[in-house]
Each structure stands twice: as structure tokens, then as C-alpha cells.
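Thanks for asking me to look this one over. My notes are below as numbered points, best read with the model open beside you.

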Amino acid sequence: MARIALGEVSPNPAVGAVIVRDGEIVGQGYTQPPGSAHAEIVALQQAGERARGAVMYVTMEPCCHYGRTPPCTKSIIASGISEVHFAMFDPNPIVNGKGKAELEENNIKTYAEEHREEAAELNEAYIKYITTRIPFVTAKFAISLDGKIATRTGESRWISGEESRRYVHYLRYTTDSIMTGVNTVIADDPGLTTKCCGHGGVTVKQPLRVILDTKGRTPHTAKIFSQPGKTLLVHGKIDDTTRAGYNIPGIELLELPAKRGVIDLAVLLQALGIRGITSVLVEGGGALIGSLFDAGMVDKFIGFVAPIVIGGVEAKSPIAGHGIDKIADAVRLKRVRIRNFGEDIMISGYVK
């Protein structure tokens, strides 16, 4: 149930709730868009009087504070639910442990941390954002078997297969923003949109597209500017004429400090956090991912490996930057997972 909510509830967590009575599911629900009902409320409304004496299973500790909606704990107590099992505590400081305590004070048995790892992975962006106010950063790339993201002439379509690209649209749908560098925009002219549909059968939102362009070199005719949704062009010092050229509907300019021609990435992530962006999917190029890699700002890597060989000394690799000098200093991933998409292999993992 919680997975259904992914992509539509940020900055809230994706939560599912199921109510069981006498071995039968009598109510279930998932978090609705911000300002609407939480999963527990949807499930309680469906269960009605059958909730009395029943057991609730929920992804995260029920909230106990007034925000855009009333506390879920109050409704659970009023419903007559006898037990609540939740997979993980809410890391939000204004909730953490307090929801459980309120339920127990009202004679509702609680069981915590059941299947925590699955729930935490589902809400990895929310967990980082609510505790740091910095977005969760995922670096995504597709490479050939010999580690290339393009030929020596710059051609890169398509290294990965159709099934992999379809999954990338799902990744885009579940993230708040997609980030890329100006060189990728100039070379590939990507749209950076998602074709993935929500639970209603239609795409209800497009992630914020973020272009890092220190000198304002992004062509005004770039495909990215004609796509649905909004684009944030992040730049350094540019003149008024260059700035005026980007007076395009749906385009917002953001000037940030730049060091040696590179946008200050720490300041950028803070700025995105202030905007309520909880997650960033970085889709190249190699210079941008390399800079994030060097700065230790990548939380998760997702790499698609296609069974093709490109070759060539001048062919680009997915991660540039300074890199490391010793293998002992290499970034090692934890919780590594491998999946097949057609003939491609996807390897994902978290930075230790």
C-alpha cells in the first residue's frame, strides 16, 4: 500500500495501513497527497465500526501532532483499535516515540520496528530530509560492459535497453527533482520528464528539472524548456542580457556561488531543501556526478550495465572528478542489490 503512494506524497512519507479483524482485512489505505488524509485515516474510514477491537498494521509510527491534518493517533484511539504494529518510528523529532507513547497511554498495545529495513528503504528520502533538511541524492547512469556512457563522438542513445529506460521513468516519477549539467543538455538535449503514471492512471506531476549551468550556456531552444513541469536553471554570475534570454514560461533562475567555474553543490542542496525538495536523481554528466562523488554528497548509486562494448580511450566514463588515489579509499557500497531488466543488469547500493 505504501508503494502506491510513492511519487505523490512528498514531502510526507509514503505510508500504507491495513486493518485486520478476525483474520479478515476490513480496511486499508495509503497516504494521500499533502493536505489530504494519511494512510491510517483512509483505512479507518473504510473499516468503520469494524475497526473496534481490530489490529492495525502501518508502515510508520502514527503522527501525534497537528499539521495540515489532525493527528492520526486521535482517530486511532477513537476508533477502538486494540493493537497497532508499525514498521519504523517516525524520525521527525516532533513525532519520534510520542505517537507510540500516546497510543499506549490509551491502552492500545503497540509493536514497533517490525520489517524496519523495508520501510526505511521505502522512505529513505524522507528520513534524510526530515532529519537534515538536505535532499537524498541518487546518482544514476547507464554504461556499456567496458564502462562507457557514450562513444568518443558523444553518442549515447541508447546504451541501455527499453526495459531499463522504462524503470528510469519510474525512478523519475518517485523523485522530487532530476539534476543534470549543462554539458549533458547541450550534448543530448534530454527532456528529463517521466512517462510513468500514478495510481490514478495518469501522470499527475513532473519532477523539478535542475540544470547546473555556471555561465548560462543552455540553449534557449533546449527540449527541456518545452516540457511540462518546471525547470530551475542554477547559474553563477551572468550578465543581464544572458539572464533576459531565459525569460521563458516555466523557467526559474537561481544564482549561487561558484568556485573555479563549478556551482557550490553544498549550497545548492541546502537551497533545494529549503524549497521542500526531499530527493534528487542525478542523471549526468560525468563531471557533475564526479563533483558530487568527490564531495561525498551521493547517498545511493544506481548503475545499469548493458551487454555492449564501446571501446575507445576518448569515450567517456560515468564518473569524472578527481577520484581517489588508492583502491583502499574507494567508495564501497552496502545493501547492494542486483536486478535484471531485459538484457541489462541494474546494480544499486548505498554509500557507507
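**Notes on the model**

1. Let me begin with Arg172, which counts as buried because its relative accessibility is 11% (buried means under 20% relative accessible area, exposed over 50%, partly exposed in between, with a 1.4 Å probe and protein chains only). Please keep in mind that this is a predicted model, where local features need pLDDT of at least 70, side-chain atom pairs count only at pLDDT 80 or more, and totals for chains, interfaces and linings use all residues. Residues are numbered from 1 along each chain as its sequence is written, and side-chain values use heavy atoms, with hydrogens and water left out.

2. What does the side chain of Arg172 meet in a salt bridge? The partner is Glu283, at 2.8 Å from N to O; a salt bridge here is a side-chain nitrogen of Lys or Arg within 4 Å of a carboxyl oxygen of Asp or Glu. This pair links distant parts of the chain, with Arg172 in helix α7 (residues 162-173) and Glu283 in the loop between β13 (279-282) and α11, 111 residues apart. Helices (H or I, at least four residues) and strands (E, at least two) are DSSP runs, numbered from the N terminus. Glu283 is buried too, with a relative accessible area of 11%. Salt bridges that share partners also bring in Lys140, joining Lys140, Arg172 and Glu283 into one network.

3. A search of the whole structure finds 14 salt bridges. One of them is between the side chains of Lys300 and Glu124, at 3.2 Å from N to O. Lys300 sits in strand β14 (residues 300-305) and Glu124 in helix α6 (residues 124-132), so many positions along the chain lie between them: the two are 176 residues apart. Lys300 counts as buried at 10% relative accessibility, and Glu124 is buried at 16% relative accessible area.4. Helix α6 takes part in another such contact: the side chains of Asp299 and Lys128 form a salt bridge (2.8 Å, N to O). Asp299 lies in the loop between α11 (286-294) and β14 and Lys128 in helix α6, so the pair ties together parts that are 171 residues apart in sequence. The buried residues of α6 are Glu124, Ala125, Tyr126, Tyr129 and Ile130. Just after this helix, Arg133 takes a positive phi of about 65°.

5. Next, the second largest pocket, with a volume of about 950 Å³. For the method: on a 1 Å grid over the protein atoms alone, a pocket is an open set of points where a 1.4 Å probe fits, with protein on both sides within 12 Å along at least five of seven lines, and lining residues have an atom within 4 Å of a point. Grid points are joined across faces, edges and corners, and the volume is the space filled by probe spheres set on the points.

6. Which residues lie nearest the centre of the second largest pocket? They are Leu6, Glu121, Leu122, Glu124 and Thr174, out of 43 lining residues. The elements that each supply at least two residues of this lining include α5 (116-122), α6, α7, β13 and β14. By class, the lining has 21 nonpolar, 12 polar and 10 charged residues; Ala, Val, Leu, Ile, Met, Phe, Trp, Tyr, Cys and Pro count as nonpolar, Asp, Glu, Lys and Arg as charged, and the others, Gly among them, as polar.

7. Now the sheets. An open sheet of nine strands runs in the order β10-β9-β8-β7-β13-β6-β14-β16-β15, with mixed pairing; two strands pair if DSSP finds at least two bridges between them. Its edge strands are β10 (251-255) and β15, each pairing on one side only. The twist averages 20° from one strand to the next, using axes that are lines fitted to C-alpha atoms, with angles from 0 to 180 degrees between N-to-C directions. Within this sheet, β7 (residues 177-181) and β8 (residues 208-212) pair in the parallel sense over five bridges, and the bridge partner of Thr180 in β8 is Ile211.

8. Five strands form another open sheet, also with mixed pairing, in the order β2-β1-β3-β4-β5. β2 (24-30) and β5 (109-112) stand at the edges with a single partner strand each, so one side of each is left without a neighbour in the sheet. Neighbouring strands here are turned by 15° against each other on average, direction ignored.

9. How do the inner strands of that sheet pair, parallel or antiparallel? β1 (residues 16-21) and β3 (residues 55-60) are antiparallel over four bridges, whereas β3 and β4 are parallel over five bridges. Val55 is a handy residue to click on: Val55 is the bridge partner of Val20 in β3, and the bridge partner of Val55 in β4 is Glu83. Strand β4 (residues 83-88) is mostly covered, with five of its six residues buried.

10. Last, a look at Glu24, whose place is in strand β2. Glu24 is partly exposed, with a relative accessible area of 48%. The C-alpha atoms of Glu24 and Ala54 are separated by 9.7 Å, and these residues are 30 apart along the chain.
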